Amino acid sequence: MANKSGGKPSDRRAGKRRDRNQRVGIRVPELGYYLIVTDTEETEKNYFEGLRDSIPAELKDRLVIKVEKARTVELVERALELANKEPQYRIPWIVFDRDQVKDFDDIIQVAEKSGVGAGWSNPCFEIWMYAYFGEMPAIRESYTCCDRFADKFEKVTGQNYFKKDKDIYRKLVQYGDEERAIQIAERCCKKCVDDGKNKPSEMWPACMVQRLVEEIQRKLHTKED
């Protein structure tokens, strides 16, 4: 039987949400509202807040990046909780390391099934930052990766590396190459798969952070063009 009010129920509900948002003055960013939930207070959080702050002033109200912290086991739950406040406008991601995380593969699987992007790194987030400087060396242990990245960072920038450096994103972009970093990370992931490593916990060096960064940058550059 035809619906006399016109349109699908989902369409009408979306319309009501839009009307309500307009009435209360909620700003709806046309490029997206990214909710990034991480399990660290320093490196990943500082990196993505730096990326957020690098957005050109004229686009800042069109793409929003909000970084939250949660315990590793609660990452997906927290991302969904935040996204559900206005689900039609939120793009949830979790960002975390392999390191000593239990159920690493399970967390990623649950995230993907829940519609949450998983920006994982194996062995640690520094392996992604390493790619800015043209390589992702085959390092299995987090502490070794951090130490070697610190040496590389100092060699390239002439500065010491600190996990709490709030300026880390700007320095990586200044002294490194983000576009090349994305290509290197993709190449490493492909090699892992070609070598028969299908579980993220088995894939090293590898990460999926580049997918989130590339998605954000693609939206920004498309809008600028």
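What volume does the second largest pocket have? In this predicted model, the second largest pocket comes out at about 170 Å³. Its lining is made up of Arg98, Asp99, Gln100, Asn122, Pro123, Arg140, Glu141, Ser142, Ser201 and Trp204. Sorted by class, that lining holds two nonpolar, four polar and four charged residues.

Several of these lining residues turn up again when the backbone is examined. Take Asn122 and Pro123, both part of the lining of the second largest pocket. The peptide bond running from asparagine 122 to proline 123 is cis, and its omega is near 15°. Proline 123 belongs to the loop between strand E4 (117-122) and helix H5 (126-131). Trp204, also in the lining of this pocket, has a cis bond on its far side too: a cis peptide bond joins tryptophan 204 to proline 205, with omega about -10°. As for proline 205, its place is in the loop between H8 and strand E5 (206-207). Tryptophan 204 also has company over its ring, where the charged end of lysine 197 sits 5.1 Å from the centre.

Asp99 is another residue that lines the second largest pocket, and its backbone is worth a look. Aspartate 99 is not a glycine, yet its phi is positive, near 35°. It lies in the loop between strand E3 (90-97) and helix H4 (104-113). With a relative accessible area of 40%, aspartate 99 is partly exposed. Aspartate 103, placed in the loop between E3 and H4, likewise has a positive phi, of about 60°, although it is not a glycine.

Now for the largest pocket, which holds about 300 Å³ of space. It is lined by 14 residues, and those closest to its centre are Glu178, Glu179, Ile182, Gln217 and His221. Helix H7 (168-175), helix H8 (178-194) and helix H9 (209-224) are the elements that each give two or more residues to this lining. Of these, H9 gives the most, with six residues. By class, the lining of the largest pocket splits into six nonpolar, three polar and five charged residues.

Aromatic rings are the next topic. A pair of rings can be described by how far apart the centres are and by the angle of the planes. The count in this model is 14 aromatic pairs. One of them joins tyrosine 47 and tyrosine 169, which meet edge-to-face, 5.2 Å centre to centre and with 85° between the planes. This pair ties together distant parts of the chain, since tyrosine 47 is in helix H2 (residues 43-53) and tyrosine 169 is in helix H7, 122 residues apart. Both tyrosine 47 and tyrosine 169 are buried. Another pair, phenylalanine 96 with phenylalanine 104, is tilted: the centres are 5.1 Å apart and the planes make an angle of 55°. Both of these phenylalanines, 96 and 104, are buried as well.

Some rings gather in a bigger group. Tyr47, Phe48, Phe125, Trp128, Tyr132 and Tyr169 form one aromatic cluster, so the edge-to-face pair of tyrosine 47 and tyrosine 169 is part of a wider set of rings. Elsewhere, arginine 90 lies over the face of tyrosine 33, at 4.0 Å from the ring centre.

What about disulfides, and how many does the structure hold? The answer is zero. A disulfide is a covalent bond between the sulfur atoms of two cysteines. Cysteine 146 has its closest cysteine sulfur in cysteine 124, but the distance is 4.0 Å, too far for a bond. The cut-off for a disulfide is sulfur atoms within 2.5 Å. Cysteine 146 counts as buried, at 17% relative accessibility. Cysteine 189 is in no disulfide either, and the nearest cysteine sulfur, that of cysteine 207, is 5.9 Å away. At 5% relative accessibility, cysteine 189 also counts as buried.

Lysine 60 rounds off the picture. It is found in the loop between H2 and strand E2 (63-69), and at 37% relative accessibility it counts as partly exposed. Lysine 60 and proline 29 are 31 residues apart in sequence, while their C-alpha atoms are 8.7 Å apart in space.

Note on methods:
Residues are numbered from 1 along each chain as its sequence is written. This is a predicted model: local features need pLDDT of at least 70, side-chain atom pairs count only at pLDDT 80 or more; totals for chains, interfaces and linings use all residues. Side-chain values use heavy atoms; hydrogens and water are left out. On a 1 Å grid over the protein atoms alone, a cavity is a set of points where a 1.4 Å probe fits but cannot get out, and a pocket is an open set with protein on both sides within 12 Å along at least five of seven lines; lining residues have an atom within 4 Å of a point. Grid points are joined across faces, edges and corners, and a volume is the space filled by probe spheres set on the points. Helices (H or I, at least four residues) and strands (E, at least two) are DSSP runs, numbered from the N terminus. Ala, Val, Leu, Ile, Met, Phe, Trp, Tyr, Cys and Pro count as nonpolar, Asp, Glu, Lys and Arg as charged, and the others, Gly among them, as polar. Rings of Phe, Tyr and Trp (its six-membered ring) pair if their centres lie within 6.5 Å; planes under 30 degrees apart count as stacked, over 60 as edge-to-face and the rest as tilted. Buried means under 20% relative accessible area, exposed over 50%, partly exposed in between (1.4 Å probe, protein chains only). A charge sits over a ring if NZ of Lys or CZ of Arg is within 6 Å of the ring centre and within 35 degrees of the ring normal.
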